[in-house]
Amino acid sequence: MEQTELMDRMKEKAGLVQALVSTVTGMEEVLGRTVGITLGQGGKTIVAPGLDPENLQRLEDLCRAAGLTVLYPPFRPHLSAIHTALTPADWAIAETGTLVLDSDSEDLRIATMLSETHVAWIPVSRIVPDTAALSARLIEKMKSGPGYLAFITGPSRTADIERVLAIGVHGPQELHILMMEEP
Amino acid sequence: MIQTAKDMKTYRKKIKAALKNKFLRKALDNFASSYKASRAKAFEGMDLSALKGEIAQGKDQALTVLEDLYLRFKTGAEASGAVVHLAKTAEEANEIIARIARDNKVTSIVKSKSMTAEETHLNDHLEARGFQVTETDLGEWIIQLRHEGPSHMVMPAIHLSRGQVGTLFSDVTKTPVDLEDIDRMVKVARKELRPAFLSADMGISGANMAIAETGTLGIISNEGNARLTTTLPRVHVALVGLDKLVPDLAAALRILRVLPRNATGQALTSYVTWITGAVECGASATGKKILHIVFLDNSRLELARDPVFSEALRCIRCGACSNVCPVYGKVGGHTLGHVYIGAIGLILTYFYHGKDNARAIVKNCLNCQACKSVCPVNIDLPFLIKQVYRRILADEGSKPVKNTILSAVMKNRRLFHTLLRTASALQGPLVKKEAGVLRHLPFVFGKAHDFRTLPALAEKPFRDQWPEIRPRIQNPRFRVALFGGCVVDFVSPEQALALARLLAPHRVQMEYPPGQSCCGLPAMMMAEEETAAEVAVQNLEALEPWRYDYILVLCASCGSHMKEGYSRLLAGKPELAEKLRSLQDKLMDFSSFMVKVLKVRPEDFIQNQRRVAYHSPCHLCRGLGVTQEPRELLRTAGLDYAPCKDEDICCGFGGSYSLEFPEISAEILGQKLDHVEATGADVLVTDCPGCVLQLRGGMNKRKGRVQVRHIAEIVAENLKAP
Ligand code: SF4
Ligand code: SF4
């Protein structure tokens, strides 16, 4: 499948399950969007496991200017204080609009589970058509010792009361997917 | 606490109470409709039947090597720092988990959803030992607070209204909750349960798949509670049925393709978590998660070796067999099951929770085949349900009197037919002549049976009329034998007469082999397999299939039983295999014969465009897989076919089922007739004499204006005079 086709499919399928998908160009825009989303929701804090030091510094600068706080690992002491989690995704599966996150790191898990809003960026080159296209990599990962691998498809949801769909029961209430093209 | 009726008297009471619950019925009804649509959408463009076959085959293969898979899993997971246990019984599993909790000085526990933990009654065990256990799946939390069991495997609290949940939440939180606002209630749960996650020392989860190749657990969830349960506390215990073992990731991914789609119509759940061994955990002194994986046997290994029942272990717990079950739709999971509910529950209860809990509920199946057709791993659920009933009868060593009588009579065709003729002669004073129905129900029936009129037996059965009217066709195009079945022969010979009228102009020589008897399905339904097998042999001999081009049936139930049931019943008689194959190859339902073989044309019929609704008999649409031909035939025969809601849902007859569970039968029938009346049709047509009996009886009783006819009759009526 062509890359644009994969991006369209990803956008469509993730959109069907209430993820908010957009296309961005480069990390600059990822950081800017994240701060914007947080401000828009009245959030105060951001965690960003998986950001390289340079971009982390840029995020820190942006947050300072916007009156937000960047929290640093370990996140255990901040379990109830995380508004936004900004994380990379390792892969995306277009068929179902799914993000795949290698979540061995406990901080990454805490960030993606206990935040109110999860913003994940995914380089467009890492969108694959379906799970089968990933299976060799998944097996390799599972064979390489202790590991925690997460498929995330839309925000947390339940239909346990009268089958009415409600978003955000235990996990993040919003999931933003930023498909990142290189500038 | 779960309380399941152990005898029919208690069970009938429970059913009556369940039927009074209007909310439940409405909720389940809405669910059944929307489920159908969303499931169909979820599988759009996929080759579902191939996928089903692959999964079923993969599962069957795995079941032959379960112990191996267990050992491989254990090796892989332990190499990654987990400790893997195998518990022989439910009690043992609970004790292992309690010991892990004690050893790790645990006081509070959070749990994510696990049917296996429901199976072992794990919460009760842990709470009795002083541990504080909090269910964190919203539905499970609700029923935990209400001290109930789940009423659905995927949606445990589907039996409750928002009002009930809101009231419960305001009691628990001591703050008023808006009784309409579901979003708010969900947020209440989010807020209330957070502290439980943050303070828990141990998390207990189930698993949907256990991959032997890598020692990996796969956990599917929508809420995200399973992720928190497996991440925050320092100890994680997974309780997993041995049947969840799969050899490799490919097998797990296959299950993942169908499970969410078949369960809720989702392409995928919000979260799928793959855990291999002990990962980083800041709450644990070692910095590593303390991970224990407890596999539960509880008769699974024995079941896996059982030639008949092993296929029940293919179940992936999608819950679909409840979603489509008409009985479930009327009484809900607390009445149709024990811990496991719905079709698979009727089977597993016997093996996991004993015959006392299975005895009454196992009878509550119409044999409508809806569950079987929707099961993603091709389990023949209705068949296994009957087999469980059979086991229970064998275990208890004493059969109901009606079984003994039925068997004795049915094995002897002459006796059976003499009895029917005698009954026909004796019923005289009871019959309302012009209507052909019984004036009163015979005294043996109670008031509950008064939801339909019962037809009178025909004055002269078809078999006695046939020799006088049999037409002789010169140079016939086809020679066909009619297999009538008891109802056509002794109650509704007019249906066979209609067939004869339709065939004559096409130069079809019809015969009615006189040695034929009941098809044997009623015996199967009462778990009298030996009788059913004897009757099958008699019919096979009587029909002499090699003499004919086709064997026609007007009764879908007889047809599907002969096509599918006979293969099983006669599997041990290789000498009959060829005859049987010939019978099955030549067997055809009425509509298919008219449309596909005779290729009838509109010009053969008066095009009066009478408005007709259609009921699709279970054993025709699912049993014989015939769906298009009857509808096409109606249109060709000059009728205005008006589609009706839920055409393919059972009419509630189920043979002896309607006598055993008249209240449920009445309820299902009532709904069917409502749908039919809503079409504005003048006639309701179907192609099974049993369905005609039920539908007409119900229509009579409600004094409805819609006539109920067998499709052969209505088509014959429109036939142009030669
Ligand atoms: S055969 Fe029909 S009535 Fe019986 S369990 Fe399956 S769906 Fe329910
Ligand atoms: S028996 Fe089949 S339909 Fe029922 S829960 Fe199991 S897999 Fe699903």
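Here a biologist asks a modeller about two ligands and an interface in a predicted model.

Modeller: Quick ground rules: in this predicted model, local features need pLDDT of at least 70, side-chain atom pairs count only at pLDDT 80 or more, and totals for chains, interfaces and linings use all residues. Residues are numbered from 1 along each chain as its sequence is written, chains are lettered from A and ligands numbered from 1 in the order written, and side-chain values use heavy atoms, without hydrogens and water.

Biologist: What makes Arg257(B) and Glu95(A) a salt bridge?

Modeller: The term asks for a side-chain nitrogen of Lys or Arg within 4 Å of a carboxyl oxygen of Asp or Glu. The closest N and O atoms of Arg257(B) and Glu95(A) are 3.4 Å apart, so the pair qualifies. Between chain B and chain A the count is 4 salt bridges.

Biologist: How do you know how much area is buried between chain B and chain A?

Modeller: Buried area is the accessible area (1.4 Å probe) that two parts lose on being put together, summed over both. Here that comes to about 4,700 Å², with 56% from carbon and sulfur atoms. Arg190(B), Arg227(B) and Trp274(B) supply 14% of the area that chain B buries against chain A, more than any other three residues.

Biologist: Why does Cys count as nonpolar in the shell around ligand 1?

Modeller: Cys is listed with Ala, Val, Leu, Ile, Met, Phe, Trp, Tyr and Pro as nonpolar, while Asp, Glu, Lys and Arg are charged and the others, Gly among them, polar. By that scheme, the shell around ligand 1 has 11 nonpolar, 2 polar and no charged residues. For ligand 2, the shell has 11 nonpolar, 1 polar and 1 charged.
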